[in-house]
Amino acid sequence: MIKKVLLILSVVGLLSSTGSAQILKNTWIVNPQVSGFNLGSTHTQETGNEAFDLGLKVEAGNFIANNLAFLVGLGGDFSWNKEYNDNSIDLMASIRYYTLTTLFIGVNTGYTHAWNKPKGENSVCRDYLYVGAELGYAIFVSPNISLDPALYWKHSFTDKFDQYGLKIGLSVYF
């Protein structure tokens, strides 16, 4: 029994220590992400419907302090259902704080240019300014690479735009 407890504690300690060196001040991070997986949802004022989506994003940044990263990014979302297609391009900035070495909490803000095309009609374009949040976990697979599953949420107060879901990132630390 004692051997099992010691083995579990040593594995937890190993996982914790491998990530700590990568989240120190002046470390650079590049984080491509995939979101949606038909587990997320978008709700807009125009459609009133939910649509499953697939998102592709890339964020890059620097740790401005130990455990605190500032990131900027570019991405796109592609949503569809039986009644319409909804696509968008995002520009974003975020701050991500790592607690307990590998758990992270992020807040972000950004600009989305979206175009919605109902079946049989012309495209309608909308621009959104949004705020968002994420909660994730960095799983270090090597000293400078981590898989980052996270739950995310984006909301625009003025345009009644909501998006939430699961995303997976692959972070590379320099």
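The legends below describe close-up views of a predicted model.

Residues are numbered from 1 along each chain as its sequence is written, and side-chain values rest on heavy atoms, with hydrogens and water left out. Because the model is predicted, local features need pLDDT of at least 70 and side-chain atom pairs count only at pLDDT 80 or more, whereas totals for chains, interfaces and linings use all residues.

**View 1. Overview of the chain, with 1 helix and 10 strands.** Helices (H or I, at least four residues) and strands (E, at least two) are DSSP runs, numbered from the N terminus. Along the sequence, the elements follow the pattern α-β-β-β-β-β-β-β-β-β-β. Of the 174 residues, 41% count as buried; buried means under 20% relative accessible area, exposed means over 50%, and partly exposed lies in between (1.4 Å probe, protein chains only). The exposed area of the chain is about 9,600 Å², of which carbon and sulfur atoms supply 71%. Accessible areas come from the Shrake-Rupley method with a 1.4 Å probe, and for residues only the protein chains shown count as cover. Among contacts (heavy atoms within 4.5 Å) between residues at least 6 apart in sequence, 55% join residues at least 24 apart.

**View 2. Strand E7 and its antiparallel partners E6 and E9.** Two strands are taken to pair if DSSP finds at least two bridges between them. Strand E6 (residues 103-118) is joined to strand E7 (residues 124-137) by 14 bridges, and His-113 has Asp-127 of E7 as its bridge partner. The two strands form a hairpin with 5 residues between them, and Gly-120 in the turn has a positive phi of about 80 degrees. A further 6 bridges connect E7 with strand E9 (residues 145-156), where His-155 is the bridge partner of Val-131.

**View 3. The largest nonpolar core and the surroundings of Ile-29.** A nonpolar core is a set of buried Ala, Val, Leu, Ile, Met, Phe, Trp, Tyr and Cys residues joined through side-chain atoms within 4.5 Å. The largest one has 11 residues, including Ile-23, Ile-29, Phe-63, Leu-71, Tyr-98, Phe-140 and Tyr-173. Apart from neighbours within four places in sequence, Ile-29 is in contact with residues among them Phe-63, Leu-71, Tyr-98 and Tyr-173. Glu-59 and Arg-96 are also in contact with Ile-29.

**View 4. Salt bridge between Glu-59 and Arg-96.** A salt bridge is a side-chain nitrogen of Lys or Arg within 4 Å of a carboxyl oxygen of Asp or Glu, and the whole structure holds 8 of them. The closest N and O atoms of Glu-59 and Arg-96 are 3.9 Å apart. This pair links distant parts of the chain, with Glu-59 in strand E3 and Arg-96 in strand E5 (residues 84-99), 37 residues apart. Glu-59 counts as buried because its relative accessibility is 3%, and Arg-96 is buried with a relative accessible area of 1%.

**View 5. Salt bridge between Asp-90 and Lys-154.** The closest N and O atoms of these residues lie 2.7 Å apart. Asp-90 in strand E5 and Lys-154 in strand E9 are 64 residues apart, and the pair links distant parts of the chain. Asp-90 counts as buried at 0% relative accessibility, as does Lys-154 at 5%.

**View 6. Salt bridge between Lys-167 and Glu-134, and its network.** Here the closest N and O atoms are 2.6 Å apart. Lys-167 lies in strand E10 (residues 161-173) and Glu-134 in strand E7, so the pair ties together parts that are 33 residues apart in sequence. Both Lys-167 and Glu-134 are buried. Salt bridges with shared partners join Glu-59, Arg-96, Glu-134, Asp-148 and Lys-167 into one network.

**View 7. A nonpolar surface patch.** Val-34, Leu-54, Leu-56, Phe-78 and Trp-80 make a patch of about 420 Å². Patches consist of residues with over 30% relative accessible area and no salt bridge; like charges are joined within 9 Å, and nonpolar side chains (Val, Leu, Ile, Met, Phe, Trp, Tyr) within 5 Å. Strands E3 (50-65) and E4 (68-80) each supply at least two residues of the patch. Phe-78, found in strand E4, counts as partly exposed because its relative accessibility is 37%.

**View 8. Asn-26 and Asn-67, each with a positive phi.** Most residues other than glycine have a negative phi. Asn-26 has a positive phi of about 75 degrees and is found in the loop between helix H1 (2-20) and strand E1 (28-35). With a relative accessible area of 53%, Asn-26 is exposed. Asn-67 has a phi near 75 degrees and is placed in the loop between E3 and E4. Asn-67 is partly exposed, at a relative accessible area of 25%.
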